[in-house]
Every structure is written in C-alpha cells, then in structure tokens.
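Please look over the sequence and the 3D structure shown here. The paragraphs after them start from a single residue and move outward to the whole protein.

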Amino acid sequence: MKQVVQNYKSGELAVLDVPVPGCKPGGVLVRSAYSLISTGTELMKVSEAGMSMLGKARSRPDQVAKVMQSVATNGVPATYRKVMGKLDSYTPLGYSLCGVVEQVGAGIDDVKVGDLVACAGNEHALHAELNWVPKNLYAPVPDGLAPRHAAFGTVGSIALQGVRQGEPQLGEVALVIGLGLIGQLVVQLLAASGVRVVGADPDPVRCELAERLGAAACGDPASAAVEAAVAELTDGHGVDQVYLAAGGGSNQPVELAAKLSRDRGRVVDIGKCRLDLPWNAYYEKELDVRFSRSYGPGRYDPEYELEGRDYPIGYVRWTERRNLACFLDLVARGSVDVEPLISQVADFDDAVETYQSLKDGELKAVAVLFRYPEQAVEAEAPAVAVPPVNVKPSTARAAKTPVRLAFVGAGNYATSMLLPHLAQRDGVELSTVVTTTALSAANAQRKFGFTEATTDLDAVLGDKSIDAVFVVTRHSSHAELTRQALLAGKTVFVEKPLALTEDELAGVLAAVEESGNDRLQVGFNRRFAPLLQEARQRFGARTGPASLRYLVNAGRLQHGSWYLQQGTEGSRFAGEGGHFLDTASWLLEADPVSVYAVATSGNEDLQVVLRYPDGSTATISYVTTGAPGFPKETLDLVADGKVLRLDDFVRASVYGRKRWVSSRLPKARDKGQNAELAAFIKAVRTDGPMPVPLQSLVATTAATLAVQTSLAAGAPVTLAGAR
C-alpha cells in the first residue's frame, strides 16, 4: 500500500510503498476514502522539516531539553545516534480521515466489514491507503453523510472541544481570532449554540467566508472594524469568550483578547500561538485563561486510546470518541456545513505536489482533501501453512555462510541499539522486518537494508532460509512470539523481558521441550559490557561470599509512555529489572535462591534483596525519584578484602592489594550490545553454545517475577529448584 511520509531531517516528502498494517485486537483495519490535510498543524510540521538544524532547535525547545537530558544520562555519542536516527526517519502525516472498514479485530462488535467510519489520531488516521484504528478513535458515519464531509471529523472534534472549554451560553458574544480551518468550524459551532460571533483574521477572503457561515461581523485584527463590532454587539462591555485559533509567533492575538474581553471573560487557546500574557490587562479583568487539549478527554491517555478503556459517561460526558460522533451528527443534520471549507480535492497520488503547492503559497486553501482510488485493493497476503513442530536445531553451517536474520519489531531500541551494529557486521544478512505499523517497517528497510518489509509474521516463521528471529516488540508479546519462533525451529533473540507471568514462562519452556529447540538468547547485554568484563577480570576469583549493591537511578517516565501501561505490559521493573538481576548473578557466578522486595509508598522505588547459594547477597535499589543529573547505574561488589566499582559504564575501578582504575574514559557508554550481538551471531553461524545458558535465562526471569510476588506477600520468596 502507499502512504505519505516526510523525512524530518531533509524535509523530503514522498508517497512510499509500505506493508499493510496488521489488524490487531481492539481495533479495525480501515481503507481510506478521503483524508483531510490540516493546513495549520501539518503545514507547520512540513515547514519545520525544511528548516536548518538550528531552526528546528529554536522551533522545538521542548525537544532540545530532552536531548540535553539524554546527553547527561547517556553521553553525547549515544544521544547523537538516537537523535539522528529519529530525524533521519520517515514520519507519517495526517490525522483525520473517513474510510470503509475492511477487517474487524477481536473484541470489536460495534462495526462490521463494509461500514463507513470517521477516524482520528496522528498515529492511526494517516494519509495512507489502509490504517489500523483502535476502538476509541473511530466513530460510525451517520446515514446520508458524504465521506468527504465525514473526513473532517477529527478537526471538527478539536474545534468542538475548544468550544466546550469556553462554556458558551445562549445570547452571549464571542470573538474568534484566526479564521483558518479550526476557526471557521468554531464560528459555526458557536452560531449553532446561539452565540453571536465576531471574527478576526487579516485575510479578507476568510473573513467573508466566516460571515457567510454565521459570523455577525469579521475584520482585520489590526483595523478598527473588529473593535467596533464588539462594542456594538456587547454595549461596550466586551465579549464573553475569546477563542484563539491563530498560529504564528505574534503576541497580537493574546493582547487583542485582553482588550476586547469583558470583565472576568474566558479566553480559550485552541491553536498554537504565542502566549506572553500581558499581566496588567489579564489581572485587572481577572480573565479566565483555558486550554483546549486536542480532541477532548482521552487524548494522550494510552489506556483510553490504545486499550479501548472508555470513561464512564456519568463522570466524563464528552470524550474523544463522543466528540467525534457528536460532530459527525451536527454535520449530518446540517448544523455545520463543511463543504464551503473545501478548497481542493486532490488525488492521493498527487500528495507530494499538493503539499508543495501549499507550502509555496501557490495553493491558498482552508481545507484540502486527498481522494483515494475506489478500487485500490491491496493484494492478499499469500496463505502460509502452520509452521512444522518438533523442529530440531539446524546442523552446523559453514563459517562463510551468511546468517539471515528477521526482526519482529523495529522501534526505538531496535533501530538505535541493535540494528546499527548488525547492519555493519560481515556475514550477516538482514532478511525481513515485521511490524504492525507499515511505516516503521519501511523506515527500517530503508535505513538498514532489509530485503523485505512486511506485517505478516507467519511468512517469516515459515521461511526456512531465515536462521534467527529477533523479537523486539512490546513486553506483552515477547513470550508468545518467542514460543512461536522456537516451535518454527528458529534461533531466537528476544529483548527483555522473556515473560511477564509464570504461565508465559512455562509456555516458552513447553515450546523448548516440544520442539527440542533451546536456541534462545534474552537481551541481557550488561554482562557483555567491555568495561565491566575487564573490571571482573581485574577483581579475580573470590573465595568467600560477596556483597553487591546496584543503584539504578531509573528516573521518571514521560507521560504517555507505554511502559506505564502496567495492565498489559507489566510493571516497569518487570520490564527492565532482569538487566540488573542478570548482571548481579553473572558477577556472583550463581543463580539466586530467594528474593525479597520492599517498596516505598506508591511502589515508586524498590529495594530488591537477592540471596545466593554460597551466602552472597545482592541489593538492587531501583529508584525513579532521584535527580535526573545523577548517573543512571552505579555498582559495588565487595568480597575477600576487594572492592569492584562501576560508574555508569563510564569508569571502573578495583581496590585490593593493588588499585586498578580504568585508564581512560570510553568514547561512549558501552553497555555491551555490540559484544552480545557478536556472541549471538557466532553461536548461530557455528551452531555452537548460546552465549548465556538457558537455565540462567530462566532463573533470572523467575527471580524478576518473584519481585512482584514478594511485594504482594510482604515476605521473601523462595525460588524452588534454583541451583
């Protein structure tokens, strides 16, 4: 299928061939009929991409702050690779469309194949022939509403949420500053609510359009016309509400809002304009400044948007989805007319030229639609037989034979920490990348040279020429994907965690037993870090029990991170704690026999104590409330009159009869990914032993799971059968 994309580094726009997205549970696969270009938000993004690196930084100070934090935590080289990787990737465009349901995922019963739906979301309602859309981001289109009009659903919801924030009442007067696409819709929604509207925009064509659509008067904000209209309609008191629907760097809209508002009026920010509030003006009138967050309640909440957890209507009357359905109903009943807003309907194949015309100013438009071919049916994926079971490990291969790899998942970790090492490694062929979103597969294929990109996992598992499968997806899918790949006879590299529950771990082991295939590696990379390996060698053998302390200054997650989705993805420690348990067990050369965990109030910070067969102990302090500038990982190992110290994979030292300190700082924090991958590829190529014994992987996973059990029980947990 085809999708419109942009490279944020170069500014390049393209219509790209990408794999068809998979139809996951909890959503529907939608074939686009019309998608809407947001001439405000999208053109701003397109313009930013054409800026210099300095210009990009100036336009996004929030992202610059994140980069500086990453430098402090991960160092300059790792941050540079991460930032450049993100910039030099294709990103999608679009967030408002109408289309036909082509496939229904499990758990969906409110629509069926062939239904017309309006879809929202900058990750799910893209300018693409097919999109997977979760339940709370689509709404059925009312009978009789044209698909081209239903494509306005998302921007209509944005305007509707802004109006709701203003709490308009019959007979009031409102001022709408900025008469672009959102502003025009706000004018109509206010007029439909019994509010008299004054519009302000420097473009006379837009002013005339707003007056035709219900505004009482409109004019240039720099002229006296707007002020005169407000004075006449309000008897000189000022407007009850002001809606800021303008963009740009001027502070004029904010100043005009203060000037023309009545005492204790409401100012609602919908667009992205400068907000340097003149203190005296806002203070003297005691103006109520409000913000409107996109489509409404539920926006940026992954449990609502991705997991389909609705808010009870008694507590949240208007959610994203209910706003979307309400706007469609208003258009269907004629209360809002979007047809006059359509400046052009362009063929989807002409998307690049259309964007360029808008950017260059050749096309003056309020709204532009992409029209998709009616018969643009994607060829069905070939049927693949269920992979055979009882596959035994492959025979030893010649050292010169390339190792063919497939990746399931191509997110940030895979593309920044794994694929750059593999793409440069001799004797490795990146065969196929599998993702549920088409564009991420296409990006990985372009950047790292995969032969194929697809959303069909069965095709990879059934391909006998593929030697190893990397599972780099969200945590909740690791165990099942690993199980399937093992049963298909593949050597598997799965990022941590291997499993989130005891049942999942049992399922993986059952697959090993059933297939006879134990070729498994979990991405516990820290034991492969060169600095830690050298420090361990310098520390030497020990004779008595050891005491190990590992401080992990994990920091807080950003709002919206899928790591916070504990209901489906497990706790944060369950997701990454195995790293630290594995490192401790490797240093102590044994598997733990018991686990005891305690947490601070709210389970934000954990203390995990591991006991080992020889009496050694390891304490892992996993904290999220520390200072972000403090190193992320510090480790001390004490035994036999010696101390090993690791400072965030930047410096290491050993104190004993002689003192050793790493001679120089490494160029970057090397946490062992490259060495781990080298060991894994060698094992696959030679059919030799896996880098970490399976028993160790299982023991670390079981110990990680025992942390939650111990927290719930408030007591130590014995690891039965541990050795």
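Glu172, in this predicted model, touches a set of residues that lie beyond its neighbours within four places in sequence: Glu167, Gly194, Val195, Arg196, Asp240, Gln241, Arg262 and Arg266. Arg266 also makes a polar contact with Glu172, side chain to side chain, at 3.4 Å. A polar atom of the Glu172 side chain also lies 3.0 Å from the backbone nitrogen of Gln169. Glu172 belongs to the loop that runs between helix H6 (153-166) and strand E9 (173-177). Is Glu172 buried or exposed? Its relative accessibility is 11%, and because buried means under 20%, Glu172 counts as buried.

The elements on both sides of that loop, H6 and E9, each supply at least two residues of the largest nonpolar core. This core has 54 residues, and those that touch the most other members are Phe152, Leu181, Leu185, Val186, Leu190 and Leu341. Besides H6 and E9, the elements that give at least two residues each include strand E3 (27-38), helix H7 (181-192), helix H13 (320-332) and strand E16 (367-371). Which element gives the largest share of this core? Helix H7 does, with seven residues. Leu185 can serve as an example: leaving aside its neighbours within four places in sequence, Leu185 is in contact with Val155, Gly156, Ala159, Phe327, Val336, Val338 and Leu341. Another core of 40 residues lies apart from this one, and Phe539, Ala597, Leu635 and Val717 are among its members. In soluble globular proteins, nonpolar side chains tend to be buried together.

The cysteines are the next topic. A disulfide is a covalent bond between the sulfur atoms of two cysteines. How many disulfides are there in the model? The count is zero. For Cys98, the nearest cysteine sulfur is that of Cys119, 7.4 Å away. A disulfide needs the two sulfur atoms within 2.5 Å, so Cys98 is in no disulfide. Cys119 is likewise in no disulfide, its nearest cysteine sulfur being that of Cys98. Cys98 is buried, with a relative accessible area of 0%, and Cys119 counts as buried at 1%.

Last comes the protein as a whole. It holds 24 helices and 31 strands. It has 723 residues, of which 51% count as buried. About 31200 Å² is exposed, with carbon and sulfur atoms supplying 52% of that area. Of the contacts between residues at least 6 apart in sequence, 70% join residues at least 24 apart.

Definitions and conventions
Residues numbered from 1 in each chain as written. Predicted model: local features only at pLDDT ≥ 70, side-chain atom pairs only at ≥ 80, totals over all residues. Heavy atoms only, no water. Helix = DSSP H or I, 4+ residues; strand = E, 2+ residues; numbered from the N terminus. Buried < 20%, exposed > 50% of the residue type's maximum accessible area, 1.4 Å probe, protein only. Polar contact = N/O pair within 3.5 Å; in protein donor to acceptor, adjacent residues only side chain to side chain. Contact = heavy atoms within 4.5 Å. Areas by Shrake-Rupley, 256 points an atom, 1.4 Å probe, with all protein chains shown as cover. Core = buried A, V, L, I, M, F, W, Y, C linked by side-chain atoms within 4.5 Å.
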